[in-house]
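Welcome! Let's look at how two parts of a protein chain meet, one question at a time.

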Amino acid sequence: MSNTNNCKSLPHQLIQFVNCRLVRNHQLIVDDLWVRDGRIINPEPVFYEERATAHQRIDCCGAIIAPGYIDLQINGGYGVDFSYDKDTIEEGVRKVATGLIRSGVTSFCPTLVTSPNDSYHTILPHIPQRIEGGAGILGVHAEGPFINPQKKGAHPANCIQTIDNGMDTLRSTYGLLERIKIITLAPEQVSDASVIDELVKAGITVSLGHSMATLSDGERAVRHGATLITHLFNAMLPFHHRDPGLVGLLTSDQIPAGHIVYFGIIADGVHTHSAALRIAYRTHPDGLILVTDAISALGLEDGVHHIGQLPLEVKQGKAFIAGTDTLCGSIAPMDECVRIFQKATGCSQVFAIEAATLHPALCLGIEREKGTLDFGSDADFIILNDDLQVLSTWIAGERVYKCSN
């Protein structure tokens, strides 16, 4: 059993975490962590210039301190569906944000599946930008509607669109582009790839997915600025030796120099076989990002629920479109995905953690604030035991969750 336990710090209060191992520089380092005013600070000026000592010392009893997890693809949870519950979206996002801290998530992108235009127009303006005591909101991940109907997965076919008029199509579809951080689209459905350039210039990460794309389709999109693949192996052409499709981007020699193609992967023990996890990890570890792709049934028991416009059924730890055998999202929390991935691949604890912290931060270009314990970064972090179980979660230097076990 677990409980939420807020631990607020006073303005300018200096907090020192001792007897801990920090995830820094791709390794575990025995060192103290210093926090003040919601940020991680360099203690040297405190010692030598301010001659100050900590107002509070917290003994971590040898535990690991890691950056808070970042989830770039989550459709909902705890009975809330971001795409479906449009009339109560603010309340729903708050519920999920406060639930996610139990699994160590401190930042996330609420994800909207393919929906009618009026749903986007209603939902996007009402996504809160900050949740007191909950995980931070980085912006919305619009997964569709510009996808390939042959790889729609759980997305409703009647809402799928094509980009017929460049950015004007996107603005008329979504209404508010300013609230969107990631857009998943099928590159073969984009006749004029300059729209990808324009999205990137607007600060939106373009992800490729729900697609029948060939490798050359994917390479063209990457040359125009796409940097992410949505849930690798799922809802795309399977690997073929003559044309490996989007999977081939992991080893393509046509990627611009210095350009990393990132890919989300669902390590929930259901969506991606452990052998496929190992293939992805060994092929292109620098681009690997753990995502949950969690749905409204996250945290709920077996039964009939919903995702977007479609009903879903949870049975035996899996979620399906009701009445079918089509998987439609995960119900595994991020901390469980990290543990499953680490066990399946045999990677280090640090790599498994960075796949859910540093890598998504790098993908979004927010690595100076999130995803690390570097000096000056936000004090969003988690304390873990050696089994990578979350002992406590901290946001802006305040404890927002503590495991009671």
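Q: How many residue pairs are in polar contact between domain 1 and domain 2?
A: There are five such pairs, with both residues at pLDDT 80 or more. A polar contact is a pair of N or O atoms within 3.5 Å; within protein, one must be able to donate a hydrogen and the other to accept it, and residues adjacent in sequence count only if both atoms are side-chain atoms. This is a predicted model, where local features need pLDDT of at least 70, side-chain atom pairs count only at pLDDT 80 or more, and totals for chains, interfaces and linings use all residues. Residues are numbered from 1 along each chain as its sequence is written, and side-chain values use heavy atoms, with hydrogens and water left out.

Q: How many salt bridges does the rule find across the interface of domain 1 and domain 2?
A: Zero. To count, a side-chain nitrogen of Lys or Arg must be within 4 Å of a carboxyl oxygen of Asp or Glu.

Q: What makes up the area buried between domain 1 and domain 2?
A: Carbon and sulfur atoms give 66% of about 1,600 Å². Buried area is the accessible area (1.4 Å probe) that two parts lose on being put together, summed over both. Of the area that domain 1 buries against domain 2, 32% comes from His-26, Leu-388 and Ile-395, more than from any other three residues.

Q: Where are domain 1 and domain 2 in the protein chain?
A: Domain 1 covers 14–66 + 373–402, and domain 2 covers 68–364. These bounds come from an automatic or database domain assignment. The C-alpha centres of domain 1 and domain 2 lie 30 Å apart.
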